[in-house]
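Let's look together at how this protein packs on the inside. Please have the model open as you read.

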Amino acid sequence: MKNKCYGPLAPEIIGIGEIREPALVIDLDDNVLFLNDEAVLEYGNPGKKKKCWQVIHGLDSPCWKNMEYPCPKKIMQDSQLDQYSAIHVHKSREGENYFLVSCSYLKEKRLIVEMHIKVSRIIDEMISHGILNADDLREVFYAKLNYLVGKDHFIKKLSNHLREKKVRFLSIMDLRGLSFINKFYGMVAGDLMIKSLEEAIFDVLRESGGESIFSRAAGDEFVVLHSTKKRSEVRKIEKAVLKRLADRTLTFVDEHIRTRISLGTLEISDTKDYHVDEVLKLLSFSKSQAKKSSEKKYYLGMSAQQDELLHEFHEKSLCFDEVQKALSENKIELFFQPIVDLNTGEIFDLEALVRIGKTGSYLPANIFIDLIYELDQILKLDSLVFKKIISYADQIAKICPRIFINIGPNSLKSKQFRKILDHTVRELSRSGLELTIELTEQSLLENADIVKFIHDKYGFHFGIDDFGTGYSSFKTVADLSNSGAVSVIKIDGSLTKGIQKSAENLTIVRAIAGMARTLNLKTIGEFIDNRVDLSVIRAIGVDLGQGYLFSKPVKIEDLLKDNLLKKIRRELK
């Protein structure tokens with residue numbers, strides 16, 4: 001095989017013709033000018049005018065933008081060094097392998113020479129010369145490279161294992177209280193905690209043997225890809241990590257800090273086909289559930305719940321194009337659900353609910369709303385809703401004098417949206433309609449100042465949605481009530497649905513209703529789907545009700561039918 005050479009370079013000019021390791025010559029703009037025989041064997045014949053990151057990694061953009069590993073060439077140039085080395089994972093004849101990449105700058109020629117030496121070869125060389133024994137080297141260097149890998153390498157390995165049905169279990173370990181540690185003790189203490197978790201996982205995997213690997217997935221979380229297919233072995237590894245952390249106390253500036261984690265475990269079927277994205281989403285779900293649990297652990301096995309989650313992920317993927325199309329073409333629909341006065345049986349208010357159509361039906365609301373937030377298009381959606389509601393003003397006025405609309409809190413901060421809001425309020429007032437904007441409990445409390453500002457400027461009221469499950473500040477709610485900014489509280493449906501079956505929920509709803517009366521706020525009970533729940537909620541003294549017992553969300557023309565009001569009054573008898 002002949003040395004591959006681009007341009008006027010020759011091996012003897014740069015002195016690498018006899019090197020037995022992969023070697024490349026690169027200019028300062030990342031263009032590969034020369035590969036020796038070993039480099040061609042490792043990376044193939046790249047063709048002309050290729051960048052180093054295209055040849056070595058097969059990437060479409062620079063490696064330092066795509067990979068976790070440091071680029072020695074970039075570090076050398078940025079730091080104005082003549083030489084620099086770093087460990088990388090590269091594809092090789094045996095598959096992926098660890099290389100020591102050493103860069104040297106030839107100032108006279110303004111060229112960079114890269115040498116790629118397999119880490120295993122370095123270790124074997126040092127052992128053969130008796131510098132250190134095999135156990136020492138493999139424990140402190142090579143073994144760690146075999147267990148702790150970068151994100152890119154981890155994803156590739158996971159993808160291959162899924163395709164070959166080799167993977168059964170993954171664990172995700174997330175540090176608890178890191179933000180507090182960073183604020184209270186400083187970032188250095190936080191970094192020590194992260195390092196402590198990394199070392200604990202590494203030590204346990206090394207002692208357990210096998211081919212398990214782990215990666216730092218985010219700032220304070222690590223993901224383990226287990227080589228074993230036995231749940232008992234996975235539990236053993238997880239328990240060993242927890243015990244190692246429990247036995248280890250970090251000492252930082254005379255303070256003793258314990259490293260605590262949330263632990264999520266995912267079991268996947270070896271008879272199903274999973275995509276990497278699905279597995280990572282399931283793993284993320286198990287992490288979020290672990291954080292919520294009292295034991296800070298969560299196991300997501302092969303269950304109906306996992307099937308439902310996978311179905312939801314699939315539905316979300318199908319929704320993506322439909323949502324983008326609807327927003328770009330301004331094609332949304334509004335449905336309306338009545339809010340009923342539980343004393344008089346009259347329709348007190350209508351809530352406008354967004355729907356996005358697809359062939360023959362509509363996208364699930366919870367899925368497309370999540371997508372819109374992920375796409376950062378909630379301002380666009382809220383603007384479309386407010387523009388569309390004006391066209392329904394006269395029809396709404398025939399049913400009741402009030403309209404509820406739920407929006408994202410960030411929309412209120414937009415000057416552009418506030419202009420649309422101002423225009424909408426004026427147009428609705430011409431039809432005799434009052435507007436109430438609903439914000440979730442947490443959103444309203446986090447944006448109390450802007451809520452007061454908008455109430456003072458435009459005069460309409462706010463409602464607190466999903467009240468009773470968050471972290472309310474009674475003083476903030478009282479202040480907003482006294483200023484007139486908030487006029488209604490919607491009690492979260494998780495508290496009202498099946499209320500007769502839960503003494504705890506009954507106590508909470510009574511407390512909310514009592515607080516609301518003290519503050520002269522009206523209360524709405526959500527999810528009233530049967531007469532039993534209705535009778536309990538009315539007895540508590542909740543003012544208004546909303547749910548399928550009265551009406552599902554429907555188009556405005558269906559609400560104008562005479563039989564709807566008769567149905568509502570019949571249910572309230």
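Here are a few questions and answers on cores and helix packing.

This is a predicted model, where local features need pLDDT of at least 70, side-chain atom pairs count only at pLDDT 80 or more, and totals for chains, interfaces and linings use all residues. Residues are numbered from 1 along each chain as its sequence is written, and side-chain values use heavy atoms, with hydrogens and water left out.

Q: Which helix gives the most residues to the largest nonpolar core?
A: A nonpolar core is a set of buried (under 20% relative accessible area, 1.4 Å probe, protein chains only) Ala, Val, Leu, Ile, Met, Phe, Trp, Tyr and Cys residues joined through side-chain atoms within 4.5 Å. The largest one has 83 residues, and Phe 336 and Leu 350 are among those touching the most other members. Helices here are DSSP runs (H or I, at least four residues), numbered from the N terminus. With 6 residues, the top contributor is helix 15 (residues 378–389).

Q: How are helix 10 and helix 11 oriented to each other?
A: Axes are lines fitted to C-alpha atoms over the stretch in contact (heavy atoms within 4.5 Å), and angles run from 0 to 180 degrees between N-to-C directions. Helix 10 (residues 187–208) and helix 11 (residues 231–247) pack at about 135 degrees, with axes 9 Å apart. Angles under 35 degrees count as roughly parallel, over 145 as roughly antiparallel, 65 to 115 as roughly perpendicular and the rest as oblique. Helix 10 and helix 11 are therefore oblique.

Q: What is the orientation of helix 20 to helix 21?
A: The axes of helix 20 (residues 448–458) and helix 21 (residues 474–482) come within 11 Å and cross at roughly 5 degrees. That makes helix 20 and helix 21 roughly parallel.

Note on methods. Buried < 20%, exposed > 50% of the residue type's maximum accessible area, 1.4 Å probe, protein only. Helix = DSSP H or I, 4+ residues; strand = E, 2+ residues; numbered from the N terminus.
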